[in-house]
Each structure stands twice: as structure tokens, then as C-alpha cells.
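Me: Hi! I've got a two-chain model open and would love to talk it through with you. Could we go over it together?

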Amino acid sequence: MTQTKLNLEPNIAHPDDFYEALIAMHQGLSEEQSRIVNAKLILILANHIGDEALLREAMARAREDSDQDQT
Amino acid sequence: MTPEMQARDNPTFDYRPSPDESAAEPAHHPIIIVGAGPVGMTLAIDLAQRGQPVVVLDDDNTVSVGSRAICYAKRVLEIWDRLGCADPMVDLGVIWKVGRVRFRDRLVYSFDLLPESGHKMPAFINLQQYHMEEQLLARIHQLETIDLRWRNKVVAVRRLADGAEVDVETPNGVHSLRCDWLIAADGAHSPTRKALGLDFRGQVFKDKFLIGDVIIKNADFPNERWFWFDPPFNRGQSALLHKQAGDLYRIDFQIGWEADAERESQPERVAARIRAMLGEDVDFKFEWISVYTFQCRRLDRFRHGSIFFVGDAAHQVSPFGARGANSGVQDADNLAWKLDLVIRGKAPESLLDSYDDERLYGADENLLNSTRSTDFITPKSAVSRAFRDAVLNLSERYAFARPLVNSGRLSVPCTLDASPLNTPDEDAFAGLMRPGAPAADAPVSAGGREDWFLHHIGGDFVAVLFGPRAGLAELIKVDGVPVRLVTVGEGGLEDRGGLLAKRYDARPGTVYLFRPDQHVAARWRAFDRDKLAAAVRHATARQEKTQ
């Protein structure tokens, strides 16, 4: 059992570089392609993390406040 | 009822015919600056303080009309302080440090710039461009070697073998002038750039923004920067509220590429937007309304032989982050001392190429940051908007998302890491004051009086020695270039509070060499006259003498 806690404090050294790369990943893709690429990215990262409890907690946090996510 | 328009009553300046206009041959001047905006005036002052006569040509007869730059960063205030005009700007300006970010109908988080204490200048001030320009003008009027000519419009530019020639249109007709060095400080639409047919390439942003500078009488908004993403009063777009001096507020609405600029600028339509934003009972007048679009672009090079481009004429950025005027003033700061040394024959002309190296680097840093801010504020694809909205949603609850929110990365001083003028460290140092960094300020005492460190460096090369002077002269010359010696400790500056030594990671014996623009050129743990001389030669683009 891992004791790792979900880290919600800033943890990326160069946030602007990261964000630019994230958006650039989608350059030239259709909306449908982008959705799939995002899903693949989540799966790759989830596999890297591995810890299921941690992943479930992240899922719950992501799902919070979803009523705000409609435009 | 539509609020009234109360445009500012700008001062106007008389056109005075110059004797040059009736000269049989084109009159010759060492330096001509085209444009009396913030950057052209800053450069003129810096050159004049170095004893260089300067002619400044401006096609208008007043300071900035209406809404332009409003936000000036500490480094630029320090440059203006070296030039003797920052104090009145800070007195007039609004000092702010708190920003609030809103997403839809919620305040998602606030930030405090938490400016470090122990600096003479604040992190930022907000001040209308016309106030800032009037302070630069007041300083210009104290300097006799600046010949500022209003209503002198440059209508043609020709390169000469050893300089440039311009045709100048005045109310009396057209005359020509020649110069050794021509500096284009003539703005984003630079007629000089166009006359030379130079490419100005970059990215066009397909968006429009509506600006209102609004005099609000009955509001008591704090001195804060408020930024809205997708607010109820401007759905799908952004908005900004920022205080300026007096009762004036800058209000900025993103209105989209398809918006009809003329229709959106109608005072009754702008008034409706402002009431939706700030409340029905807000009592205001307009000082200025305009719609703007912007581009992020630059020239390939800022030096073209005898002709230099500075400020918006050289590079144009989005307004997010206050990087326009702030970078232009740093251009002027960088160029003035180099031009002065070259004109005096104390440095080779190749020193001027380092203006290109250093300020292209600065411009690219600004372009990168302002482009990123623009992409966050105005996402251009569905997936980009989804990530943006997700970041904003998470930022209300989770600290990790806040550094990803980008409503403008505010101008920070440019450290010239890759500069060919730097002497790389050979000793170990901690902290931020590496070669290329602009000098950090600190409180000191000089002759028993409280003072600031930055008042003691700049203008010339200055070597700061932490520890006793040990019999060294106050001034040494390296191939004719003067280097002032300043000591910290007994008989010199007192490091009251110890911040100076801390910021410079200084120990007894530590030596810093500062360039005339206050950037660090070199540093050592012990004084060595030969090393100092080599670093001065290196920072003035002189070849090392072979033994």
C-alpha cells in the first residue's frame, strides 16, 4: 500500500511552458481527434501513477463542481 | 442618460522654425531621434545626460492623446530614476499589488504581488501615458543639449555611406537633415521602418478589444487589478478593470473579431456595458473610448547600419502584461551608453551589435510571454477553451491550478543571460545577481544619510568592492573608459540592514562590475585589476590584448 496523498499544490516547475506544450499537442487536430488524444493522455498518466486510490480521488476532484462546466 | 465625453485638455507645444530649415545644405547632427514618445524621450534624456547633443523630431505637438500605456514596472522606474524623472511619476501614480481573478459569476482567487521590501521603487505603478510623458518632458526641458522639434514630420529616409538623411516636413515646408546615427522611435506604424522597406513579421490575433478610460466619481474601488474570464456581462469574452491616477479607471472588454468597432464604440453602448459590469448606480464620464486589435511581431534586426529601431517601432506585443512601454524603455537604456562610448571613440562600433543581441533576446522573451497570455485569455480552439475553463474552475479550490491561470504575465526585468558582453563567473555565487542581471536595489547609507544602492551605480562603469578600498583610486581608466570605484563598508556605503550583501551574496573582498545601464557585467571573490580591465574591455566589445 502506498501512502501517497494526491498533490494539489503547485508541482510543475515551469507552468507556462507546460501549458503551452499541452495546447500545442492539439495543434491541427479536429475536435474529435482532440477528445481522443486527451483521453489517451489521461490513460497514459493514470498508468504511470498506478495507485488506484489516488486515481479515484483525482476522479472525484475532477468531477466536483461540474454544473459550472456548462457554457 | 448617456454619460458625457470629457476628453483631457492636453498641453500643446509651439512649433519653432529651426535655422536648419533655411540652410543651403542639409544641416548635420550627430544623433537624430524620430518620435518623442516615451522611448524616444527616454533615450534623448539618457544621451543628453552623457553629454551628447540630440535632435528629436515629432510629427505632433502634444503628449499622448487618450488611452495608451498605463502600467510601469520597477525596472523601468529605476531607469527613469537614473534619468532624474521617476520620483514625480511615483508621486502621481497608483501603487497596486493585489489582483483578483473572476470566472463567470465567481471570484476564483486573488493574488498579492508581495513586493519585496528594501527597494526604492515599487513593483508597479499605474499612470496615464500623458502624465508619464509630461514628466519626461519636464526633465528634457532641464537639459540644454536636447533640441526637441514639434510638428517636424519625417517624410523620407535615405541611408548614406556613413549615416542617414531624412526629409522633414514642417508647417514651413520640407527640408533635409543629415546625421551619423538615426534612431527610429516612431511607434508601431514606424514610417522609418516602412521607408526602409523592412519586414515586420509575426502573429496577428483575430480579436478586438474595446477600451474605455472612465472617470468614476462615486466609486471607491480599491487599487487592484480585476480580471474577468467569461463574465455574465460579457459572455464568452474577458474584461479588465484597473485604476489609474485620479478618478480614472481603465476598462477593457474583449469584443471578438466580428464585432463592429464603430457601433461598439458608441458611448451609449459602452455605458450599458459598464453599468452591467459595475452596477446601475455608477456615476461616470468618458475620457477616452477606442477599439483596438493587436499583433505580436518584431523586426529581424533592430540595428541597420547607422539606423536603430527602439520600442514599438522594433517590436510589438499584446497589451497583456504591460510589456510595450516597459520593453521600449529598456531598449533606450541599453542603447544610450553604447552609442555614447562609440561616438567618443572609446569603444569599437561592433559594441552596437550587442544592442541587437541583447534586445532581440528581451523582445523574444516579451513576445513569448504576451503570446501565451493572449492564447489563454482568448483561446482559439474548443480544446484550448476547455483546458482554460478547467484551469479556472480548479483554481478556485486547488492551489496547483493557480500558476496556470494567465491573465497577463507582468513585465519582469530582462536578465541578459546570453549576452556577449558578460564575463562568465569563475567563482561560486548564489542568488539572482549573475552576469547579465539588472542590479537589485537595497537600502544603504552614504555619508550618514539614508540612500539607495542604485543611486551609486550607473552612468559609467562602476566597480563595487565589498570591503576596504585598500589604497585603490576612486577612478580608474581602462583604455580610456572610466570605471568608478565604490566601496561598501568602512569609508564607503553602509549596508544598513545587510540586504545589499544578501542580495549580491557578497563577502569581504567580493567585487561586482556594473555596466553603465546597471546590469552586472562580471563579479569575483577578490579584486584583481587585470581581471577587472579584461571584463571592461569585454563589456565594450574590445578585443582582448594578446600577450
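Reply: Gladly. One definition to begin with: two residues are in contact if their C-beta atoms, placed from the backbone, lie within 7 Å. Please keep in mind that this is a predicted model.

Me: Thanks. So in chain B, among contacts between residues at least 6 apart in sequence, what percentage join residues at least 24 apart?

Reply: For chain B that figure is 71%.

Me: And what does chain B have in the way of helices and strands?

Reply: Chain B has twelve helices and 28 strands. Its C-alpha trace spans about 75 × 65 × 45 Å along the principal axes.

Me: How does the radius of gyration of chain B sit against a compact globule?

Reply: They agree: a compact globule with 547 residues would have a radius of gyration near 24 Å, and chain B has 24 Å. Buried residues account for 46% of chain B.

Me: OK, now chain A. What's its pattern along the sequence?

Reply: Chain A reads α-α-α, with three helices and zero strands. Its radius of gyration is 14 Å, well over the 11 Å that the globule rule gives for 71 residues, so chain A is more spread out than a compact globule. The C-alpha trace of chain A spans about 40 × 30 × 20 Å along its principal axes.

Me: How much of chain A is buried?

Reply: Buried residues make up 3% of its 71 residues.

Me: Let's bring the chains together. How many residues does each one put into the contact?

Reply: Chain A gives 16 residues and chain B gives 16 residues. On the chain A side, α1 (15-24) and α2 (31-49) each supply at least two residues. The largest share of that side is six residues, from α1(A).

Me: What classes of residue are on that side of chain A?

Reply: The side of chain A that touches chain B has six nonpolar, four polar and six charged residues.

Me: Back to chain B. Which domains does the assignment give?

Reply: The assignment gives domain 1 (19-93 + 125-200 + 298-371), domain 2 (209-293) and domain 3 (443-539). The C-alpha centres of domain 1 and domain 2 of chain B are 31 Å apart. Their contact takes nine residues from domain 1 of chain B and ten residues from domain 2 of chain B. The domain 1 side of that contact has three nonpolar, six polar and no charged residues.

Me: I'm looking at β15 in chain B, residues 238-243. How many of its residues are buried?

Reply: Six of the six residues in β15(B) are buried. Ser238(B), Leu240(B) and His242(B) point one way from the strand, while Ala239(B), Leu241(B) and Lys243(B) point the other way.

Me: What does β15(B) pair with?

Reply: With β14 (residues 224-229) of chain B, β15(B) pairs in the antiparallel sense over five bridges. Within that pairing, Trp226(B) has Leu241(B) as its bridge partner. Five bridges also join β15(B) to β16 (residues 248-254) of chain B, again antiparallel. There, His242(B) is partnered with Arg250(B).

Me: What about the turn between β15(B) and β16(B)?

Reply: The two strands form a hairpin with four residues between them, and Gly246(B) in the turn has a positive phi of about 75 degrees.

Me: Different spot: in what order do the strands of the β3-β7-β4 sheet of chain B run, and is the pairing parallel or antiparallel?

Reply: The order is β3-β7-β4 in an open sheet of three strands, and the pairing is antiparallel. β3 (71-73) and β4 (94-95) of chain B stand at the edges with a single partner strand each, so one side of each has no neighbour in the sheet. Helix α2 (residues 74-82) of chain B packs on this sheet, touching β3 and β7 of chain B, and its direction makes about 80 degrees with that of β3(B).

Me: And how do β4(B) and β7(B) line up?

Reply: Two bridges join β4(B) to β7 (residues 124-126) of chain B. Ile95(B) has Ile125(B) as its bridge partner.

Me: Last one: is Leu485(B) buried, exposed or partly exposed?

Reply: Leu485(B) is partly exposed: 18 other C-beta atoms lie within 10 Å, and a buried residue needs 20 or more. This residue lies in β26 (residues 481-488) of chain B. Its contacts include Ala463(B), Leu472(B) and Glu474(B). Leu485(B) and Glu474(B) are eleven residues apart in sequence, with their C-alpha atoms 5.0 Å apart.

Notes. Residues are numbered from 1 along each chain as its sequence is written. Chains are lettered from A and ligands numbered from 1 in the order in which they are written. This is a predicted model: local features need pLDDT of at least 70, side-chain atom pairs count only at pLDDT 80 or more; totals for chains, interfaces and linings use all residues. Two strands pair if DSSP finds at least two bridges between them. Axes are lines fitted to C-alpha atoms, for helices over the stretch in contact, and angles run from 0 to 180 degrees between N-to-C directions. The radius of gyration is taken over C-alpha atoms; the globule rule is 2.2 Å times the number of residues to the power 0.38. A residue is buried if 20 or more other C-beta atoms lie within 10 Å of its own, exposed if 12 or fewer, and partly exposed in between; C-beta atoms are placed from the backbone. Domain bounds come from an automatic or database domain assignment. Ala, Val, Leu, Ile, Met, Phe, Trp, Tyr, Cys and Pro count as nonpolar, Asp, Glu, Lys and Arg as charged, and the others, Gly among them, as polar. Lists of a residue's contacts leave out its neighbours within four places in sequence.
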